[in-house]
Amino acid sequence: MEDLSRPSQGHTATSELSPACSAVQQWVAEVVIGLNFCPFAHREVEKQRVVYRESAAQTVEVALTDLASAMQELLENDHIETTLLVLSKGFTDFEDYLDLLDYAQLTLREFNLEGVLQIASFHPDYQFADTAADDVSNYTNRAPFPVLHLLREESLEKVLARYPNPETIPERNIEVADEQGADYFRDLLQHLQQRD
């Protein structure tokens, strides 16, 4: 595979996470795994196959360079199953983040990686279309910092094929979020953001 970019300065090993990456790691532990929002995450965390990378990018160009570096590292290392690129300094405005997400999808296409990698999106102010800003369902995609989550599509297809009724996962997550209540998520995210 061709070199996608220069090496990122934001790479952090699991043992030496930055405050922002550590906050996202704790969010994964407490919300994604703790509330079982992603039934497949626990196994990869246990196997230490999840990488957290910090990007201090505040412009689309720099963020995409860091994303390309993260994609290259993921594709070249079989021991990495998934990468969370944590945007610790920029894209705090959700609309700006959505613009970046559009460019990120174009980057996948540019490098012919559609069908190879997928990008999942998380943001402190995530808001699904046709929901109110304070709708508790939005917390299923709210993280302490903006995150571009890189997943291997082949691995995703394999686990979904083995999981009964995977189409019900989002509905179940919304039910769990509703049971927890918005205050739980708001307080947790605020606590994690203050660690930075």
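The side chains of R109 and E114 meet in a salt bridge, with 3.4 Å from N to O. The model is predicted. R109 counts as partly exposed, at 47% relative accessibility. E114 is also partly exposed, with a relative accessible area of 48%.

**Salt bridges**

How many salt bridges does the structure hold? The structure holds six. The table lists some of them.

| Pair | N to O distance |
|---|---|
| R49 and E44 | 2.8 Å |
| E73 and R53 | 3.0 Å |
| R109 and E114 | 3.4 Å |

Take R49 and E44, whose side chains meet at 2.8 Å, N to O. R49 is partly exposed, at 22% relative accessibility. E44 counts as buried, because its relative accessibility is 14% and buried means under 20%. This pair does not stand alone: E44, R49 and E81 are linked in a network of salt bridges.

Next come E73 and R53, with 3.0 Å between N and O. E73 lies in helix 3 (residues 60–76) and R53 in strand 1 (residues 50–55), so the pair ties together parts that are 20 residues apart in sequence. Is this pair buried or exposed? E73 is buried, and R53 is buried too.

**Strand 1 and strand 2**

Strand 1 also holds Y52. Y52 is buried, with a relative accessible area of 3%. Y52 and L74 are 22 residues apart in sequence. Their C-alpha atoms are 11 Å apart in space.

V86 is found in strand 2. At 0% relative accessibility, V86 counts as buried. What does V86 touch, leaving aside residues up to four places away in sequence? The list contains A20, C21 and V24. It also contains R53, E54 and S55. F145, P146 and V147 complete the list. R53 is the residue that meets E73 in a salt bridge. Along the chain, V86 and L148 are 62 residues apart. In space, the C-alpha atoms of V86 and L148 are separated by 6.8 Å.

L87 lies in strand 2 as well, which spans residues 82–87. L87 is buried, with a relative accessible area of 1%. Not counting residues up to four places away in sequence, L87 touches S55, A63, Y97, L100, F145, P146 and L148. S55, F145 and P146 also appear among the contacts of V86. L87 and T107 are 20 residues apart in sequence. From C-alpha to C-alpha, L87 and T107 are 17 Å apart in space.

**The negative patch**

Which residues gather in a patch of negative charge on the surface? They are D93, E95, D96, D99, D102 and D125. D99 sits in helix 4, residues 94–110. D99 counts as partly exposed, because its relative accessibility is 42% and partly exposed means between 20% and 50%. D99 and Q72 are 27 residues apart along the chain. Their C-alpha atoms are separated by 22 Å.

**Positive phi in two loops**

N36 has a positive phi of about 60°, although N36 is not a glycine. Where is N36 found? N36 is in the loop between helix 1 (19–33) and helix 2 (41–46). N36 counts as partly exposed, at 34% relative accessibility.

N165 has a positive phi as well, of about 50°, and is not a glycine. N165 is found in the loop between helix 5 (153–162) and helix 6 (169–180). N165 is partly exposed, with a relative accessible area of 47%.

**Recap**

Two residues of strand 2 were followed here: V86 is buried at 0% relative accessibility, and L87 is buried with a relative accessible area of 1%. E73 and R53 are buried and meet in a salt bridge. At the surface, D99 belongs to the patch of negative charge. The loop residues N36 and N165 have positive phi values of about 60° and about 50°.

How values were computed
Residues numbered from 1 in each chain as written. Predicted model: local features only at pLDDT ≥ 70, side-chain atom pairs only at ≥ 80, totals over all residues. Heavy atoms only, no water. Patch = residues over 30% accessible without salt bridge, like charges linked within 9 Å, V, L, I, M, F, W, Y side chains within 5 Å. Areas by Shrake-Rupley, 256 points an atom, 1.4 Å probe, with all protein chains shown as cover. Salt bridge = Lys/Arg side-chain N within 4 Å of Asp/Glu carboxyl O. Lys, Arg positive; Asp, Glu negative; His and termini not counted. Charge placed at Lys NZ, Arg CZ, Asp CG, Glu CD. Helix = DSSP H or I, 4+ residues; strand = E, 2+ residues; numbered from the N terminus. Buried < 20%, exposed > 50% of the residue type's maximum accessible area, 1.4 Å probe, protein only. Contact = heavy atoms within 4.5 Å.
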